[in-house]
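Work through the exercises below with the sequence and the 3D view side by side. Try each task before reading its solution.

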Amino acid sequence: MYRCNKALCKTCQFVKHGQKNFTTKGKTYSFKEFYNCSTDHVIYCISCPCGLLYVGRTIRPLRARFGEHRRLIEDGKDKHSVPRHFLEYHQKSTDGLQVWVLESIHNNLSESDRFKKLCSQETYWIFTLDTLSPGGLNEELDINTIL
Ligand SMILES: [Zn+2]
Ligand SMILES: [Zn+2]
C-alpha cells in the first residue's frame, strides 16, 4: 500500500504507506498488489485508534471515497457508523485513522460483473475480518450484496 504523492492529496497521510501486510485479530494479511490513493474499484479498510475496522467499497478512486469518510468524521455526523464511532470515542479526531486497500477488481470484466464482484468481495472481507458490529464498525450488510 502506497501514497499516491499527488499534490494536495488529503488521503496520503492516512494510508499504510510502504507496508506489505496488515495484522488484525492475530492474523496477518499480505497486500496482493500495489495499491495507492488513486486505485479504483476497491474494497478498502479503515481502522480507528482502538483497532476497530470498517470495510467498504467504491468504484471511484479510494481518495474520493475516503475523503467523504474523513469529512463526515470531522463534521461529527452520526448517521453512519464510522463518524458516529469517532464522535463517541475519538472526539471527531482523525488522528490515528488509517486506510488501505484490501483488493481491487480488475477491468477484465464487464462493468456490471465488475460491480457484482466488488459487492461480493466486500461481503467476503466483512466476514473474513469480522467487521460487523460489535466486533467492528460495519453495521449491517446490504442485503443485495449477499447474492
Ligand atoms: Zn494520495
Ligand atoms: Zn475507535
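## Exercise 1: the zinc ion (ligand 1)

Cys4 (SG), Cys9 (SG), Cys12 (SG) and Cys37 (SG) coordinate the zinc ion (ligand 1) at 2.3 Å. This is a predicted model: local features need pLDDT of at least 70, side-chain atom pairs count only at pLDDT 80 or more, and totals for chains, interfaces and linings use all residues. Residues are numbered from 1 along each chain as its sequence is written, chains are lettered from A and ligands numbered from 1 in the order in which they are written, and side-chain values use heavy atoms, with hydrogens and water left out.

**Task.** Give the sequence spacing of the donor residues of the zinc ion (ligand 1), and find the arrangement of its donor atoms.

**Solution.**
1. Fix the term. Donors are N, O and S atoms within 2.8 Å of the metal (3.2 Å for Na, K and Ca); water is not among the atoms, so sites may look incomplete.
2. Read the spacing. The donor residues follow C-x4-C-x2-C-x24-C.
3. Check the angles. The 4 donor atoms subtend 102 to 118 degrees, which makes the arrangement tetrahedral. Four donors count as tetrahedral if all angles lie between 85 and 135 degrees.
4. Check burial. Cys4 and Cys12 are buried. Buried means under 20% relative accessible area, exposed over 50%, partly exposed in between (1.4 Å probe, protein chains only).

## Exercise 2: the zinc ion (ligand 2)

**Task.** Name the protein donors of the zinc ion (ligand 2). Then place Cys50 and His90 in the fold.

**Solution.**
1. List the donors. They are Cys48 (SG), Cys50 (SG), His85 (NE2) and His90 (NE2), 2.0 to 2.2 Å from the zinc ion (ligand 2).
2. Check the angles. They run from 102 to 120 degrees around the zinc ion (ligand 2), so the 4 donor atoms are tetrahedral.
3. Read the spacing. It is C-x1-C-x34-H-x4-H.
4. Place the pair. Cys50 sits in the loop between strand 3 (42-47) and strand 4 (53-58), and His90 in the loop between helix 2 (81-89) and strand 5 (98-104), so the pair ties together parts 40 residues apart in sequence. Helices (H or I, at least four residues) and strands (E, at least two) are DSSP runs, numbered from the N terminus.
5. Compare exposure. Cys50 is partly exposed, with a relative accessible area of 47%. His90 is buried, at 12%.

## Exercise 3: the sheet

**Task.** What is the strand order of the open sheet, and which strands are its edges?

**Solution.**
1. Read the order. The open sheet has 3 strands in the order 4-3-5, with antiparallel pairing. Two strands pair if DSSP finds at least two bridges between them.
2. Find the edges. Strand 4 and strand 5 each pair on one side only.
3. Check the bridges. Strand 3 joins strand 4 through 6 bridges; Ile46 has Tyr54 in strand 4 as its bridge partner. Strand 3 and strand 5 also pair over 6 bridges, and Tyr44 stands opposite Val101 in strand 5.
4. Check cover. In strand 5, 6 of the 7 residues are buried.

## Exercise 4: the core

**Task.** Which residues of the largest nonpolar core touch the most other members?

**Solution.**
1. Fix the term. A nonpolar core is a set of buried Ala, Val, Leu, Ile, Met, Phe, Trp, Tyr and Cys residues joined through side-chain atoms within 4.5 Å.
2. Name them. Among 36 residues, Met1, Val99, Trp100, Leu102 and Leu129 touch the most other members.
3. Find the main contributor. Strand 3 gives the largest share, 5 residues.

Methods:
Tetrahedral: all angles 85-135°; square planar, octahedral: opposite > 155°, others 65-115°.
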